[in-house]
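Trainee: Could you take me through one part of this predicted model in detail, starting from a single side chain and working outward to its surroundings? I would like a connected account that I can follow while looking at the structure.

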Amino acid sequence: LLEVPQRLFNDNALRVAFLLFFGLFALSYFVAANNRPLAETILGEDFVSMLEQGHSVPFDQRGSAGAVMTGFYIQHNATIGLRCFAMGLLLLGIGGLIEVSFNGVILGAAFGYIASLENTTTEYFFEFVTAHGPFELTAIVLSAAAGIRLGFSIVNTRGWTRMASLRRAGRESWPVVITAVIFFCL
């Protein structure tokens, strides 16, 4: 409780991932909320339709459809986190930057599109996502940061062998990964 928050606060990979994700999320949100046709182009018709249909009734009245939607979000966001981590490692840090940026734009556009509807779908959507969204979105950023750190450690070894550098980065990333897992579980 003392060491991990300090490590997270001083982690440059986390700062970059945070700024990219939430900066692009906010920009995309603003654009989508003010330009619905562009949001529909970014998201695609199928995704827009799924968003609107999935949040057209209150969560407590969805029955089994609510459980399916909850399962979809859990699987979807956990997959995004794993993909951000893996792409950061596999593509030497750059893949994590691209993946976290792409998801910031898509998720921001989805939130902005729903906000532009100004009907009960907006209310039901934000009621549903505010309960878990902050934890899951932060976990995505944490996952990306861990992958970015590992990927860049292979490129910038700081004089160590590549394996030694990767091991060192793994030890440094461990608290970030554990925090991401905790946030996904929350």
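Mentor: In this predicted model, Arg149 is buried, because its relative accessible area is 18% and the cut-off for buried is under 20%. Arg149 has its place in helix 7, and the side chain has a charged partner there to consider, since Glu172 forms a salt bridge with Arg149 in which the closest N and O atoms are 3.1 Å apart. Glu172 lies in helix 8 while Arg149 lies in helix 7, so this pair ties together parts that are 23 residues apart in sequence. Unlike the buried arginine, Glu172 is partly exposed, with a relative accessible area of 28%.

Glu172 also takes part in a second contact, as its side chain meets that of Arg168 in a salt bridge with an N to O distance of 3.6 Å. This contact stays inside one element, because Glu172 and Arg168 are four residues apart in helix 8 and are thus separated by about one helical turn. Arg168 is buried, with a relative accessible area of 13%. Taken together, Asp11, Arg149, Arg168 and Glu172 are linked in a network of salt bridges. Another arginine to locate while you are looking here is Arg167, which is 18 residues from Arg149 in sequence and 11 Å from Arg149 in space, C-alpha to C-alpha.

Arg149 also leads to the largest pocket, which has a volume of about 270 Å³. This pocket is lined by 13 residues, and those closest to its centre are Ala13, Ile148, Arg149, Phe152 and Arg158. Helix 7 gives the largest share of the lining, four residues, and helix 2 (12-34), helix 7 and helix 8 (162-185) each supply at least two. By class, the lining of the largest pocket divides into six nonpolar, three polar and four charged residues.

Phe152, one of the residues closest to the centre of that pocket, has a place on the surface as well: with Leu92, Ile94, Ile98 and Val155 it forms a nonpolar patch that has about 430 Å² of accessible area together. Helix 6 (94-117) and helix 7 (120-155) each supply at least two residues of this patch, and Val155 is found in helix 7.

Helix 7 and helix 8 also contribute to the second largest pocket, to whose lining helix 1 (3-9), helix 2, helix 7 and helix 8 each give two or more residues. The volume of this second largest pocket is about 200 Å³, and its lining consists of Leu8, Phe9, Leu14, Arg15, Phe18, Thr138, Val141, Leu142, Thr179 and Phe183. Sorted by class, that lining has seven nonpolar, two polar and one charged residues.

Following helix 7 further brings us to enclosed space, for the structure holds one cavity of 30 Å³ or more. The volume of the largest cavity is about 160 Å³, and of the 16 residues that line it, Tyr73, Asn77, Leu107, Phe111 and Phe125 are the closest to its centre. Helix 7 supplies the largest share of this lining, six residues, while helix 4 (45-54), helix 5 (64-90), helix 6 and helix 7 each supply at least two. The class count for the cavity lining is eleven nonpolar, four polar and one charged.

Helix 5 and helix 6, which both help to line the cavity, are also joined by a salt bridge, in which the side chains of Arg83 and Glu99 meet at 2.6 Å, N to O. With Arg83 in helix 5 and Glu99 in helix 6, the pair ties together parts that are 16 residues apart in sequence. Glu99 counts as buried because its relative accessibility is 10%, whereas Arg83, at a relative accessible area of 33%, is partly exposed. For the structure as a whole, the search finds five salt bridges.

To return to the starting point, Arg149 is a buried residue that pairs with Glu172, belongs to the network that includes Asp11 and Arg168, and is among the residues closest to the centre of the largest pocket.

Note on methods:
Residues are numbered from 1 along each chain as its sequence is written. This is a predicted model: local features need pLDDT of at least 70, side-chain atom pairs count only at pLDDT 80 or more; totals for chains, interfaces and linings use all residues. Side-chain values use heavy atoms; hydrogens and water are left out. Patches are made of residues with over 30% relative accessible area and no salt bridge: like charges are joined within 9 Å, nonpolar side chains (Val, Leu, Ile, Met, Phe, Trp, Tyr) within 5 Å. Accessible areas come from the Shrake-Rupley method with a 1.4 Å probe; for residues, only the protein chains shown count as cover. A salt bridge is a side-chain nitrogen of Lys or Arg within 4 Å of a carboxyl oxygen of Asp or Glu. On a 1 Å grid over the protein atoms alone, a cavity is a set of points where a 1.4 Å probe fits but cannot get out, and a pocket is an open set with protein on both sides within 12 Å along at least five of seven lines; lining residues have an atom within 4 Å of a point. Grid points are joined across faces, edges and corners, and a volume is the space filled by probe spheres set on the points. Ala, Val, Leu, Ile, Met, Phe, Trp, Tyr, Cys and Pro count as nonpolar, Asp, Glu, Lys and Arg as charged, and the others, Gly among them, as polar. Buried means under 20% relative accessible area, exposed over 50%, partly exposed in between (1.4 Å probe, protein chains only).
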